[in-house]
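User: I'd like to learn how to read ligand surroundings and a chain interface in a model like this one. Could you take me through it step by step?

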Amino acid sequence: MGKVKKKVKVIKIDLDKCNGCRACEVICSAFHASPKYSSSNPARARIRLIREPLQDVYLPVYAGEYTAAECMGRDKYVIDGKEYDECSFCRASCPSRDAFKEPDSGLPLKCDMCEDDPPQEEPLCVKWCINDALTYEEREEEVEEEAVPDEMETGLKALVDKYGLQNLMDSVARMSQKA
Amino acid sequence: MMRYAETGYNLEIDLSRGNIERVETDPKLTELHLGGLGTNAKLLWDRVPPEVEPFSPDNLLIFAAGLLCGTPAPGANRTIVSAFSPQTLFMAFSMMGGFFAPELKHAGYDQVIIRGKSPSLVYLWIHNDKVEIRDASHLHGKGAIETAELIRRELKEPHAQVAAIGLAGENRVYMASIEHGRSSASRLGIGAVMGDKGLKAIAVRGTKDINIARPDQFMELCNEVMRYIPLRDGNPIPGVMPILAGLGSPKEMLIHDEKWHTENFMWGNARTRIKDYWTKDVEEKWKETQESVRTRLISCYNCPMKCGAIISVPGISTYMMKCFSKLTYTMAAYSDLDFGFRIAQRATEYGVDGFSTPQVMAFALELYEAGILTDQDFAGMPSDNEGKFYWLLDRIVRREGIGDVLANGVYWAARQIGKGAEAYDHNTIKKHEQLPLKLSMLNPIYFLMWATGEKINITQIEGNFPQAPFETREEREAFVKDWVHVPDEKIKEYFLNWEPRGENSFPYYPTVEATCEIVDWQETMHYIDDALGMCAGLSSFPLKPPYHIHNFPILISAATGMDIDKDALWKIAKRNRTLLRAINVRRGLRREDDRPPENHWKKRFPELETRLLDAYYKLKGFNKEGIPTKESLHELGMDYISADFAKRGIDNNGQSEEES
Ligand code: SF4
Ligand code: SF4
Ligand code: SF4
């Protein structure tokens, strides 16, 4: 496969500039409400501020991939003498914690960079972080051409996680025979 | 029925019986009072008769999240805590920022109404629909900040928000506060009421939606506010002292320059002005102190301003601070900033009001020097200056020895001590300690605000109108150019013609009528904020804030679906203000209580002051005794107050023609 150009969207997070306001959570949850902005609820945000004021821990974390199983072990970071809780830096929507799940259904949440039509100028959490703890940049990268996992693939993966590959393949085979 | 901005539910907690109820509220009340302070006042009027003592199980302690808390409106995060105050015996409403109110809304409640008394120390755990009264005996005597940490850990809920009292509240110290991280509800002894109820803390966690009625319109305004804040804050108003030139509460955590406070506010028991205090040496030393202990500037929920700070003084526990408590202990003790940061840590854990407490201690030491209090009262007190303050603080919060008397605040302590101690109570209004200010020429605007403010705290009534006239006409003209905030163009004229010297200066300018209008505007903005849960730092307190009387009606309408215009909003604020007055009138408040300390200004003008008060009362619809009249109550839809007054023999007939 050859090289292709790819647009990489980057949110830069400067922990020193974070004042702990949670405006990022507020606007993210409002944006993703349906209809748009019809409600707000930080528990639904795809960004979560981990905040331990007395330890001076201020850490905005973005919701990443859903994972079916928790890690085999845990990470605990110490940076500048500050100890971060286990899993602090992890973006996964994971069975071991309640972060990045819809509060009612438990369905996983994932940051979609505020995908919108027409597109937003910048992610809304960045827009509402006027202290610039969050800043946004786009850059182009040359990458090996690869099949980017599309939505169907992600969905299938979740099904594989749930039912196992063999079951899924059997089902698909049955379905194609019927068709 | 779908409720917007509000949740439509209150929690009713009876601590005597351990009873918990979730009660749907009447949407009509929102139309009449909005929420927050307004609905708190209505509850206190309806349910607590004036005979009820503050430390009675029948006193209510109400935690309200303002109407806009939990919506994306930046800065809407105030919790309004109300009860009858043990210190003033009137209605107390103390407010705190931080994160508590939005969390409460997301848990599904607008207000938590607490009555009765628990037989043992408990805390309340609100987690969405699950509400429990839990044992807190293991938290006895624990610091307020420490308590919050312990509760979060015990519940395994790092996202729970906690409001707690320290030892002072448990011991019913009249200056006890309710602490919540970087914020506190400090004034008027609200923490003592919480302690009296046996309630150590409230922890809350909520994950429900708050709905917006007209999302697009609402967000457009919120985005505008977010755009305006950095523009306005990045362009400080020239000629105004640094802490007041931008937005937010006074930026005490950011700014080093304390020339204005240290040279204009009084040191000790509101006693001495030190004119040339702010030397280069002091400046350097204080700057170094501040930078070495301030770890980070921090905000409240959904607000980009950074009015608070994390303070880590080597060797003592980390805590959070905001505003002026940085200087109150320092100045009361004639000490330095390092001392201020150190003692404030202990005071925060104890949970005491940073305005009143230092003054009570300085007052005690004055009485000692004057021989009114004796060695016996101070047996065991260290001899060094700072040590004395730590010692006194410890005695007060434990109510030990002389501390038991001082714990009732300057006014009551002076009367208990007697022997002329009353003369040293020279800085209280309605029995409550005030900012340590003693000035020269009577300021008619501030005269009215100090005298009549129902909050009994100047920062909760002053704000949108500049505190002092600008030197030149050009400066004034430049200032009014983008002054869209005024409710009426007249206000601009008052400001343009206001001179530092000569005919158009204090005390006869602004004129009586203009003064009343200026005060009315500033007060109205605070009442709106306090009902909405909006931080005064983005609205009623600074000059040219993002929120004002012209965009609030649109914002409130879009959030709630009600249709409110400027006049309707003004009327609601007036209704709330009048209701508060009525509540206090029923508890004995009269004209004679509406006055600043005798020595607040050197130059007083009794005849002018009488005219000011008369005119203010008239504008507010009060009679000459400061009692809301039948007509004004009728116009505000509160005839029920007149009926109650009549039953109690309170005369609220209006002013007769020849009198007015
Ligand atoms: S909006 Fe910015 S400053 Fe506020 S919590 Fe989020 S990252 Fe921190
Ligand atoms: S980029 Fe958009 S979707 Fe992702 S966290 Fe920020 S606001 Fe939410
Ligand atoms: S202006 Fe300051 S005090 Fe007000 S909400 Fe913002 S950070 Fe808090």
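Analyst: Happy to! A residue is near a molecule if one of its heavy atoms lies within 4 Å of it. Keep in mind that this is a predicted model.

User: Which residues are around ligand 2?

Analyst: From chain A, the shell holds Ile11(A), Cys28(A), His32(A), Arg46(A), Ile47(A) and Tyr62(A), together with Cys111(A), Asp112(A), Met113(A), Cys114(A), Pro123(A) and Cys125(A). Sorted by class, the shell around ligand 2 comprises nine nonpolar, one polar and two charged residues.

User: Where does ligand 1 sit, and which residues are around it?

Analyst: Ligand 1 occupies the largest cavity. Among the residues around ligand 1 are Cys18(A), Cys21(A), Cys24(A) and Cys129(A), and also Asn19(A), Arg22(A) and Leu49(A). The shell of ligand 1 divides into nine nonpolar, two polar and one charged.

User: What about ligand 3: which residues are around it?

Analyst: Here we turn to chain B. The neighbours of ligand 3 include Cys300(B), Cys303(B), Cys307(B) and Cys535(B), as well as Asn77(B), Arg78(B) and Met305(B). By class, five residues of this shell are nonpolar, four are polar and one is charged.

User: Now the interface. How many residues of each chain are in contact?

Analyst: Contact is a matter of heavy atoms within 4.5 Å. On that basis, 42 residues of chain B touch 34 residues of chain A. Together the two chains bury about 3000 Å², with 53% of it on carbon and sulfur atoms.

User: How many salt bridges and polar contacts go with that?

Analyst: Three salt bridges are found across the interface of chain B and chain A. Take the one between the side chains of Asp56(A) and Arg296(B), at 2.6 Å from N to O. Polar contacts link 17 residue pairs between the chains, both residues at pLDDT 80 or more.

Methods: Residues are numbered from 1 along each chain as its sequence is written. Chains are lettered from A and ligands numbered from 1 in the order in which they are written. This is a predicted model: local features need pLDDT of at least 70, side-chain atom pairs count only at pLDDT 80 or more; totals for chains, interfaces and linings use all residues. Side-chain values use heavy atoms; hydrogens and water are left out. On a 1 Å grid over the protein atoms alone, a cavity is a set of points where a 1.4 Å probe fits but cannot get out, and a pocket is an open set with protein on both sides within 12 Å along at least five of seven lines; lining residues have an atom within 4 Å of a point. A molecule sits in a cavity or pocket if more than half of its atoms lie within 2 Å of its grid points. Ala, Val, Leu, Ile, Met, Phe, Trp, Tyr, Cys and Pro count as nonpolar, Asp, Glu, Lys and Arg as charged, and the others, Gly among them, as polar. Buried area is the accessible area (1.4 Å probe) that two parts lose on being put together, summed over both. A salt bridge is a side-chain nitrogen of Lys or Arg within 4 Å of a carboxyl oxygen of Asp or Glu. A polar contact is a pair of N or O atoms within 3.5 Å; within protein, one must be able to donate a hydrogen and the other to accept it, and residues adjacent in sequence count only if both atoms are side-chain atoms.
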